[in-house]
Structures are given as structure tokens and as C-alpha cells.
Amino acid sequence: MFPTTTTGAKYSCMPASSDLDALLARCSRREPAAQRALYARYAGRMLGVARRYARTLPEAEDILQDAFVKVFTYLSEFRAEGTLEGWIRRIVVTTAINHWQSGRMRRQTQGASLDDIADPPAADASALDQLNVAEVLALMEQLPDGCRLVLLLYAVDGYSHREISELLNIQESTSKAQLSKARKQLLQLYHRQNNYIRL
């Protein structure tokens, strides 16, 4: 239904304009040209969101496609209480979580619940302050899915532990524990990487 990056095409980002209301009205009437225009406006940024939650680019593109189907299906429910981009972002994140919960993206946890991941020993938290965003995201890719999802939701996308507990169907205390484990495991990965580089 929508273009993907698998053929090398790049998503374009149209500048924000005053015609957004008219574009949304046309999308609500299911005009294909308007849907393509809205997709082109937000797909690049939303692919970045999906990519953080996916293990591969094809998985991220699947999430993006599914999310935009939902965007167009539920567009009439957008009440402009926040930004359209924020509303679309929430749909992308929820779609990514649904993909993970359906088993399409489970790899490291292999059916384990979020509570089954052992709590690693503490490490020096100041070490991560030396890293840039790209380096931290690269380390996050190595975390078990449960920890990674909670860390992304909390630290990157700004969800509260209550919202995370609802999204992942877990207790708030589990969300807090997973965030703590994720931070400790990030530090362990950082120290392991640094020690390996020095050797």
C-alpha cells in the first residue's frame, strides 16, 4: 500500500504547512493522493521510531506499514488535542509493541517473561555519559528484548511506568525493575566493549 525503502527509495519529508487540515480532510475521504502525501510527510521520522523497536530494517518497515494502515483507519478519532506527529508516533510505538508481543520480533527472550531476566550486578553509571546517542542506541540493540523495550519506552519515548505497564501488560514494579536491569546491562556492555577495544 505504501512505498518502502527496500528498493533504495528514500522517504521524503514535506515541510509543515497550513494545508494540513485540508490534507487530513482529504485523507478522511480516503483519497489515495492525500494518503500518499501524509505518508510522505511523516514516514521518514516514523521509520526511525519503528527502527528503534525492530531488530531489522524489514521488521521496521512492516511496523511502519501496519501503523499507517491504522493511522488511516482511525484518522477520524484524531482530536487535535496534541500534535498529529505525536498521535502517529504513539500508533507506531503501539504497533511495534504488538509485533513484539505477537512473537514476530522475539529473539533473545524466546518466550521468557520480563520477570525471568536476571538482575545484573551494578556498574559505574557515569561511564555512559561519555557516549553519544548513536553509541547508546547501538549498545541498546544488544539488550534482551524485554529490557530494551522498557528502556526505549521510558527513556527515549517518554512513557511513564504506568503507561508501559498497560502497553506491555505487566506490573508497574516490573517496568521499574526492567528499567534498572536495562541500565545496568548497558553499563556492562559498555565496559565489556571498552575492555575488548583496549586489548
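User: Why does Arg162 count as partly exposed?

Analyst: In this predicted model, Arg162 has a relative accessibility of 43%. The partly exposed class lies between the limits of 20% and 50%, so Arg162 counts as partly exposed.

User: What makes Glu166 count as exposed?

Analyst: The relative accessibility of Glu166 is 56%. Exposed means over 50%, and Glu166 therefore counts as exposed.

User: How do you know that Glu166 forms a salt bridge with Arg162?

Analyst: The closest N and O atoms of Glu166 and Arg162 are 3.2 Å apart. The cut-off is within 4 Å, so the pair qualifies as a salt bridge. Both residues lie in helix α7, 4 residues apart, which is about one turn of the helix. Elsewhere, Arg26, Arg29 and Glu31 are joined into one network by salt bridges that share partners.

User: How many salt bridges does the rule give in total?

Analyst: The count comes to 9 salt bridges.

User: What makes the pair Arg89 and Asp157 a salt bridge, and why is it said to tie together separate parts of the sequence?

Analyst: The N to O distance between the side chains is 3.3 Å. With a limit of 4 Å, the pair therefore satisfies the definition. Arg89 belongs to helix α4, whereas Asp157 belongs to the loop between α6 (145–156) and α7, so the pair ties together parts that are 68 residues apart in sequence.

User: Are Arg89 and Asp157 buried, partly exposed or exposed?

Analyst: Arg89, with a relative accessible area of 27%, is partly exposed. Asp157 has 16%; buried means under 20%, so Asp157 is buried.

User: How do you know that Arg148 and Asp145 meet in a salt bridge, and where do they lie?

Analyst: Their side chains come to 3.3 Å, N to O, and the requirement is within 4 Å. Both residues lie in helix α6, 3 residues apart, about one turn of the helix. Arg148 and Asp145 are both buried.

User: Why are α4 and α7 called oblique to each other?

Analyst: Helix α4 (residues 84–101) and helix α7 (residues 161–168) pack at an angle of about 45 degrees, their axes being 10 Å apart. Angles under 35 degrees count as roughly parallel, and roughly perpendicular covers 65 to 115. The angle of about 45 degrees falls in neither class, nor is it over 145, so the two helices are oblique.

User: Which residues make the contact of α4 with α7, and how do they divide by kind?

Analyst: From α4 come Arg90, Thr94, Ile97 and Gln101, and from α7 come Glu163, Leu167 and Leu168. These contact residues divide into 3 nonpolar, 2 polar and 2 charged.

User: What is notable about phi of Asn169, and why is Asn169 called exposed?

Analyst: Phi of Asn169 is near 60 degrees, a positive value in a residue other than glycine. Asn169 is placed in the loop between α7 and α8 (172–198). Its relative accessibility of 70% is over the 50% limit, so Asn169 counts as exposed. Arg30 likewise has phi near 60 degrees, and Arg30 lies in the loop between α1 (20–28) and α2 (32–53).

User: Why are Cys27 and Cys147 classed as they are, and how many disulfides are counted?

Analyst: Cys27 has a relative accessible area of 1% and Cys147 a relative accessibility of 0%. Both values are under 20%, so both cysteines count as buried. The count of disulfides comes to 0, the rule requiring a pair of cysteine sulfur atoms within 2.5 Å.

Notes. Residues are numbered from 1 along each chain as its sequence is written. This is a predicted model: local features need pLDDT of at least 70, side-chain atom pairs count only at pLDDT 80 or more; totals for chains, interfaces and linings use all residues. Side-chain values use heavy atoms; hydrogens and water are left out. Axes are lines fitted to C-alpha atoms, for helices over the stretch in contact, and angles run from 0 to 180 degrees between N-to-C directions. Contact means heavy atoms within 4.5 Å. Ala, Val, Leu, Ile, Met, Phe, Trp, Tyr, Cys and Pro count as nonpolar, Asp, Glu, Lys and Arg as charged, and the others, Gly among them, as polar. Buried means under 20% relative accessible area, exposed over 50%, partly exposed in between (1.4 Å probe, protein chains only).
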